[in-house]
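Reader: Before I set up any calculations, I would like to go through this structure with you. May I put some short questions?
Author: Please do.

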Amino acid sequence: MGNAVPASPPRIEALADDAWLVTLGTSIDAATNAAVHALAARLRGNAPPWLRDVVPAYASLAVFVDPLQIDPPAARDWVATHVAAGAVAAPGTGGARSAIEIPVLYGGDAGPDLAAAARELGLDADELVARHAAPIYTVAMIGFAPGFPYLSGLDPALALPRLATPRTRVPAGSVAIGGAQTGIYPRESPGGWRLIGRTPCVLFDPQRAAPSLLFPGDRVRFRPVDATTFDALTVRTDGAK
Amino acid sequence: MSLRVLAAGPLTTVQDLGRHGWRHLGVAQAGALDPDAAALANRLVGNAAGDAVLEFTLHGPTLAIDRTSRVAICGADVDAAFRPAGGETIALATRRPIALPPGELMLGPVRGGARAWLAIDGGIDVPVVLDSRSTDLRGGFGGCNGRALQRGDELPLGTARQHDATAVQLPAWWVDPDADEPREAPIRYVASLHPASGALARGAWRVDARSNRQGLRLAGTALAADAPDGVSAPVAPGTVQLPPDGQPIVLLADAQTVGGYPRLGHVASADLPRLAQCRPGDALRFTPIDADAAHALLLARRHRHARAALAAAQRSR
């Protein structure tokens, strides 16, 4: 798709009558995604009353406005001003918060694809777990389902193709690898990523004041736990609801 | 004070004007597929435009209402009837406020379209979740337990103004702000920079049966599609996607928040309510307009509906 589109980034175009799409790059890479989150933070930090949402993705973001409060061309000018300012400003720090720790029970029933994935990658299961839990990941974007984080920063040696036939039921909290990404299923749903573990954390609860555990741009680290710890954390999570 | 569902219909959901401001967390907009029709139905019964209504698809529900009420049905035509407790069944009409004693409201087949919206005074008083009462069917929250209505459901009603309808009061007047809109005219869209975006307007399309509140799937001569290697980017209700099979999809209110398919452009929001009325097999054509024209269409539609609501409010007084 990249070479089919003539204009080069950064580019601002209409996404809907009430939304502008800002494209900063054409590939999935850390620098472009950091620029997206820095721009999102600038827009949110200067939010006028007509701004409805800023939706970051890998290399682009959408700005949703109330079209009855602002003429879309005026909203575009406002976005363009911040895009231009970003070109000279220092790159964003990418997540002011320190890394959020996600406990994960790897393998077994919690991660039914772990053993096969390790064989496919030519690794011990323990080594796969160690390498999956080593990096600090960035929430590149949230999508697919409410609260589903697309995490960038996966060790390239752990990239795995998606299942040829997606599962009809992936349990909530499943930690998975899909291509060069890793992510967490917030809710039981169909899914084609390879399941290597499960977290007792509730990633999305619409009744919570902060419905999503993670926010785009957040940094995340996985902490391997044993079944006893997993159960203890599960009980605590349920009790807190 | 409640609505009891005696028969649900194939897809009846609680909706308001949608959930705005949560897309960055992957939360869909949801809301009535024709927000103007939902707002007008609300205005006809004296509600705020954003109160929750019932949206029904192809066939309406049968509801028991345990208090006197004022109701209005907007959107496509519906065979509607009412049986007061211990009384005889009376045929109802759409697009006007109807005063009802307690009894059974029977909403039948939807005609000349696919969807209609029922407002009842006081509104459907389900809990507000993430700033909206709309049902998020995929997320499983909002509306009635995050799902379509089922037989036996009981929905709370908000407090209505006092009125003592002992018999059905069906006014002879009605409002139809879209009556003069050409129904066969092409759907207007704003083209993207994608090379296939213009080809959308040259094709003759039919509405595929797999269409739903997430997206309207088009079937026709396949457009030239790219390899599926796109970088996922934000999408919105109205986005026209081009999957690898070359059959475009127009995203609707329940659409996901990001997508990896190439984007051919977006349908003008003034024409999205027309897509809400498409039935499987319906023929569709598209014509490109620019973003300014799309905005002007949106404002014109809002003004038309606001005038109709004002006129109705004066007659209801």
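**Domains, cores and cavities**

Author: To begin with chain B of this predicted model, 25 residues of its domain 1 are in contact with 21 residues of its domain 2.

Reader: Where do domain 1 and domain 2 of chain B run?
Author: The domain assignment places domain 1 at 2–176 and domain 2 at 187–305.

Reader: And how far apart are their C-alpha centres?
Author: The two centres in chain B are separated by 28 Å.

Reader: Let me turn to packing. How many residues does the largest nonpolar core have?
Author: That core has 41 residues. B:Leu216, B:Val267, B:Leu275, B:Leu284 and B:Phe286 have the most contacts inside it.

Reader: Which helix gives the most to this core?
Author: Helix α1 of chain B, residues 35–44, gives the most, with five residues.

Reader: Why does this core lie between the two domains?
Author: Domain 1 and domain 2 of chain B both give residues to the core, so it lies between them.

Reader: Take B:Leu284. What is it in contact with, leaving aside neighbours within four places in sequence?
Author: B:Leu284 is in contact with B:Ile187, B:Ala204, B:Trp205, B:Val207, B:Leu216, B:Leu218, B:Leu275 and B:Cys278. Of these, B:Leu216 and B:Leu275 also appear among the residues with the most contacts inside the core.

Reader: Which residues does the second, separate core include?
Author: That core has 33 residues, including A:Ala118, A:Leu128, A:Leu151 and B:Val27.

Reader: Now to voids. How many cavities of 30 Å³ or more are there?
Author: The count is three. The largest holds about 70 Å³ of space, and the second largest about 50 Å³.

Reader: Which residues line the largest cavity?
Author: From chain A, the lining has A:Asp18, A:Arg52, A:Asp53 and A:Phe64. From chain B, B:Arg19, B:His20, B:Gly21, B:Arg23 and B:Gln29 take part.

Reader: How does that lining divide by class?
Author: It has five charged, three polar and one nonpolar residues.

Reader: And what are the classes in the lining of the second largest cavity?
Author: There the division is six nonpolar, one polar and one charged. The residues are A:Ala14, A:Ala16, A:Asp17, A:Trp20, A:Pro72, B:Ala291, B:Ala294 and B:His295.

Reader: Which element gives the most to the lining of the second largest cavity?
Author: Helix α4 of chain B gives the most, with three residues. Both α4 (291–316) of chain B and β1 (11–16) of chain A supply at least two residues of this lining.

Reader: A change of topic: B:Gly26. Where is its place?
Author: B:Gly26 is in the loop between β2 (12–15) and α1 of chain B.

Reader: Is B:Gly26 buried or exposed?
Author: Its relative accessible area is 6%. The cut-off for buried is under 20%, so B:Gly26 counts as buried.

Reader: Beyond its neighbours within four places in sequence, what is B:Gly26 in contact with?
Author: The contacts of B:Gly26 are A:Ile142, A:Gly143, A:Ala145, A:Pro146 and B:Thr257. As for B:Pro234, it is 208 residues away from B:Gly26 in sequence and 10.0 Å away in space, C-alpha to C-alpha.

Reader: Finally, A:Gly173. Where is its place?
Author: A:Gly173 is in the loop between β8 (167–170) and β9 (174–178) of chain A. With 2% relative accessibility, A:Gly173 is buried.

Reader: What does A:Gly173 touch, not counting residues up to four places away in sequence?
Author: A:Gly173 touches A:Ile184, A:Tyr185, A:Pro186, A:Gly197, A:Arg198 and A:Thr199.

Definitions and conventions
Residues are numbered from 1 along each chain as its sequence is written. Chains are lettered from A and ligands numbered from 1 in the order in which they are written. This is a predicted model: local features need pLDDT of at least 70, side-chain atom pairs count only at pLDDT 80 or more; totals for chains, interfaces and linings use all residues. Side-chain values use heavy atoms; hydrogens and water are left out. A nonpolar core is a set of buried Ala, Val, Leu, Ile, Met, Phe, Trp, Tyr and Cys residues joined through side-chain atoms within 4.5 Å. Buried means under 20% relative accessible area, exposed over 50%, partly exposed in between (1.4 Å probe, protein chains only). Helices (H or I, at least four residues) and strands (E, at least two) are DSSP runs, numbered from the N terminus. Domain bounds come from an automatic or database domain assignment. Contact means heavy atoms within 4.5 Å. On a 1 Å grid over the protein atoms alone, a cavity is a set of points where a 1.4 Å probe fits but cannot get out, and a pocket is an open set with protein on both sides within 12 Å along at least five of seven lines; lining residues have an atom within 4 Å of a point. Grid points are joined across faces, edges and corners, and a volume is the space filled by probe spheres set on the points. Ala, Val, Leu, Ile, Met, Phe, Trp, Tyr, Cys and Pro count as nonpolar, Asp, Glu, Lys and Arg as charged, and the others, Gly among them, as polar.
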